[in-house]
Amino acid sequence: MAWLAIWDSSRLIHPHKPIRSPDLSQGVLTFEARLRATGLVPTILWQGRTGTAQDFRVIHYPDGTVSVEHGLFRYETPPRFLSARDPLILHYSWDILGRTDTLVLENGETGDRLVAPVGPQKAPVLSTLLPAPMDAAVGIDYAGISDHFVPPVPLPGLATGAAVDTPDGLRPVETLRPGMLVDTGLHGVQPIRWIGRTEPLARGRTAPIEMRAPYFGLTKDTSVTRNQRILLSGPDIEYLFGEDHVLARAGDLVNGRSARLCMTHATRVFHHILLDDHDCLMAGRCRFESVLLGDILMAQGKSPTALGEDDRKAAWPTLDRAAAQSYLALLGANGRIAA
């Protein structure tokens, strides 16, 4: 499984030449694009190279409609979905068996999000996905094509190299296996039920967050997905939120100092750990929340509604971005670091 091609600002950064004749029975095309000028005429945001009806094609119309075409697949948004200069975030996954086939379109300015099933498809030819020369009015912030499924929203997870506390001492997260025991801090030792591995693009909405030591009780810098949540406690938490413990998403803690975006690589490998009971993984004194079964199902495009509440909802309340930033501001005002 690999990323066949990755672009940063319309420049191919991985690999130097796209892989020839890959197996595309399953895969993903994702990008973030925007019009640089007011769209007074229909504008092609993405077009495959063959010039045939088999090409993957995305068109923006002056009334704000976005249409997506690929072979027999057709989808059109309502009017006014995307204004000129608004970023369009697209995640298109196909699967000849129809297991992980979804189109996700998001207006990066308004947050409006549309999801549509794609349906079983024939394996596409790579040239129908690779972009033809772009219109000068279109800007591509990043793009990627993979030969495997990648969730549109990264699962909570720790990057390769993160050190996790176990009864036998610190272990790199990539060496952990189901059945091994890990320390949870609050509730002693727990066995690992399941471990997943994904490799999202390290760009745009899927760019990882580097949590920097010694902030948050870390003993070494640790990269996580932006949806990875951290358990916070202490007098400041009780004062601000009236709770003994709260969760905060890594992406909501970014301030350029204790947590920052990390785009030093084109992709990053992340490990997602499910415990017997929802809890936290210890890394030094930092507590990273374990993944929920509901998170795993949603990442696969499945509904978690049939699960019990313990498998769908975190054990502690989660701060929104404004609340997380107010916590960081209080720490900064008092000259302390999060721990």
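**Close-up views of two cavities and one exposed loop residue**

**View 1. The second largest cavity of this predicted model has a volume of about 40 Å³.** Its lining is made up of Ala163, Leu170, Leu218, Thr219, Lys220, Thr222, Ala283 and Gly284. Sorted by class, the residues around the second largest cavity divide into four nonpolar, three polar and one charged. With a lower limit of 30 Å³, the count for the model comes to two cavities.

**View 2. The largest cavity holds about 50 Å³ of space.** Residues from several stretches of the sequence line the largest cavity, namely Pro156, Gly157 and Leu158, then Gln228, then His271, His272 and Ile273, and finally Leu281, Glu289, Ser290 and Val291. Strand S22, which spans residues 270-275, contributes three residues and thereby the largest share of this lining. By class, five nonpolar and five polar residues are joined by one charged residue in the lining of the largest cavity.

**View 3. Threonine 305 lies in the loop between helix H2 and helix H3.** The flanking helices cover residues 293-299 in the case of H2 and residues 309-312 in the case of H3. Because its relative accessible area is 65%, and the cut-off for the exposed class is over 50%, threonine 305 is classed as exposed.

**View 4. Threonine 305 is shown together with glycine 204, which is 101 residues apart from it along the chain.** In the predicted model, the C-alpha atoms of threonine 305 and glycine 204 are separated by 29 Å.

Methods. Residues numbered from 1 in each chain as written. Predicted model: local features only at pLDDT ≥ 70, side-chain atom pairs only at ≥ 80, totals over all residues. Heavy atoms only, no water. 1 Å grid on protein atoms, 1.4 Å probe; cavity = no way out; pocket = protein on both sides within 12 Å on 5 of 7 lines; lining within 4 Å. Points joined across faces, edges and corners; volume = space filled by probe spheres on them. Helix = DSSP H or I, 4+ residues; strand = E, 2+ residues; numbered from the N terminus. Nonpolar A, V, L, I, M, F, W, Y, C, P; charged D, E, K, R; others polar. Buried < 20%, exposed > 50% of the residue type's maximum accessible area, 1.4 Å probe, protein only.
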